[in-house]
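Me: I would like to go through the assignments for this structure and see how each one follows from its criterion. Please show the sequence and structure before we begin.

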Amino acid sequence: MQTLFDLLRIEAAELRTSFMKASVTGQGTPQEVADFREHAVQSFLQRFFPFPYRVAKGNIRDSFGRASDSIDCVLCCPAHPHTIDSYGKFQLLLADGVDAAIEVKPDIANRTELERGLAQGISVKHLRRVQSGLIGQDSESPFGQYAHRVPYFIFSMKAKADPLTTGHEIVDYYRNNQVSVLDQADAICVNDVGVFINVQVPEMYAWGVQPEDGEKCGWWFTEWGETALVGFLMHLHLVPHARLKVQEELLFPYLKQAKFNRLIPLR
C-alpha cells in the first residue's frame, strides 16, 4: 500500500519538524520542550489509533498494587474506563485497559537517556494484567506470562551513527543489570532509521526468514530507513493487547505489505 507508506514518510518528517520546533519555541524551558515533543507523538498515535482508543500520560496501576513510573504516551484500549477529569487528563490508568506504553526519548545516542528509558520500561513490565487478549493460552506458559504484561516501547529521533552500537548498548544494559527477558522492552523505534525488536517468546517472531542459528528469541534490528514509522505501527499491532480482538485491526493488513532492508540479530 504505497499511498499509506508515503503518508507515513510525511508523518515522520512532520514529527521531526515538531521536535525541532519544540527546541526553538521552548528554549530555556526543558519541561516545555519535553511536553511539546510528547504531544507530537501523542497526536500521531491518536491519528492511527482513533477514538474509542485514547492516548494518555501518567502512571499505570495494576490490580495487585503495583504502579509504573510516569509514561509519556499510554495507549488505552476502547474498554478502558473514562477516568478523565475536567481538564481532559486521565486520573487513573489501569493495566488491564492499556494496550501499550510508549516513552519518548528523543536522543538515545545519549546512553544516559537510553538507560533511563529502559529503566522506566522495567517498571511497566513489572505490572500484571489479570486477563490477556489471548484465547485458550495457558497463563503459566512463557507466551501466557508475556501476554499478561503491558507492552513497552521507546520512541526516539536519534541513535548512534551506527545504530547497531545503540543496539548493543540495549543488550548490554539488560545483561549487566540481570533483567529477565520478560521484563525488557518490546521495541524501540528510531524515526527515519529503524526499529529494535525484542522477541521474548518464539511465537512473537514475525518474519518469514528463519534465523541462521535457529534462535528466534532475542534482540533484533530491523532497518526501515524513512519508513520506520511503518515498523513502529506494525509492532504496536503485533503485541498482545489488553482485550480480545474479534477481528484483525483495520490497518494491519496494509502495514504487513511493507518491506524493510535488513534483519540483524544483536547477539
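Me: Where does Asp 192 lie?

Reply: Asp 192 lies in the loop between β6 and β7 (194–199). Helices (H or I, at least four residues) and strands (E, at least two) are DSSP runs, numbered from the N terminus. The model is predicted: local features need pLDDT of at least 70, side-chain atom pairs count only at pLDDT 80 or more, and totals for chains, interfaces and linings use all residues. Residues are numbered from 1 along each chain as its sequence is written, and side-chain values use heavy atoms, with hydrogens and water left out.

Me: Why is Asp 192 called partly exposed?

Reply: Buried means under 20% relative accessible area, exposed over 50%, and partly exposed in between (1.4 Å probe, protein chains only). Asp 192 has a relative accessible area of 26%, so the residue is partly exposed. Its phi is positive, about 70°, although Asp 192 is not a glycine.

Me: What makes Gln 178 exposed?

Reply: The relative accessible area of Gln 178 is 73%, and therefore the residue counts as exposed. Gln 178 is found in the loop between α5 (163–176) and β6 (187–190). This residue, not a glycine, also has a positive phi, of about 50°.

Me: How do you know that β6 and β7 pair, and in which sense?

Reply: Two strands pair if DSSP finds at least two bridges between them. For β6 and β7 there are 4 bridges, so the criterion is met, and the sense is antiparallel. Ala 187 stands opposite Ile 197 in β7. The two strands form a hairpin with 3 residues between them, and Asp 192 is in the turn.

Me: What makes β7 and β8 a pair?

Reply: Strand β8 (residues 218–223) is joined to β7 by 6 bridges, and the two run antiparallel. Val 195 stands opposite Thr 222 in β8.

Me: Why is β7 called largely enclosed by the rest of the structure?

Reply: That description applies because 6 of the 6 residues of β7 are buried. Gly 194, Phe 196 and Asn 198 point one way, whereas Val 195, Ile 197 and Val 199 point the other way.

Me: What makes helix α6 mostly covered?

Reply: Helix α6 spans residues 228–238, and 10 of its 11 residues are buried. Among them are Leu 229, Phe 232, Met 234 and His 237.

Me: Why does Cys 73 count as buried, and what is in contact with it?

Reply: Cys 73 is at 0% relative accessibility, and therefore counts as buried. Cys 73 belongs to strand β2 (residues 67–76). Contact means heavy atoms within 4.5 Å. Leaving aside neighbours within four places in sequence, the contacts of Cys 73 include Glu 38, Leu 45, Val 55, Ala 100 and Val 104.

Me: How do you know that Glu 103 is buried, and what joins its side chain to Gln 120?

Reply: Glu 103, in strand β4 (residues 98–104), has a relative accessible area of 3%, so the residue is buried. The side chains of Glu 103 and Gln 120 are joined by a polar contact of 3.1 Å. A polar contact is a pair of N or O atoms within 3.5 Å; within protein, one must be able to donate a hydrogen and the other to accept it, and residues adjacent in sequence count only if both atoms are side-chain atoms.

Me: Which residues does the cis peptide bond join?

Reply: The cis peptide bond joins Phe 51 and Pro 52, with omega about 15°. Pro 52 is placed in the loop between α2 (30–48) and β1 (54–61).
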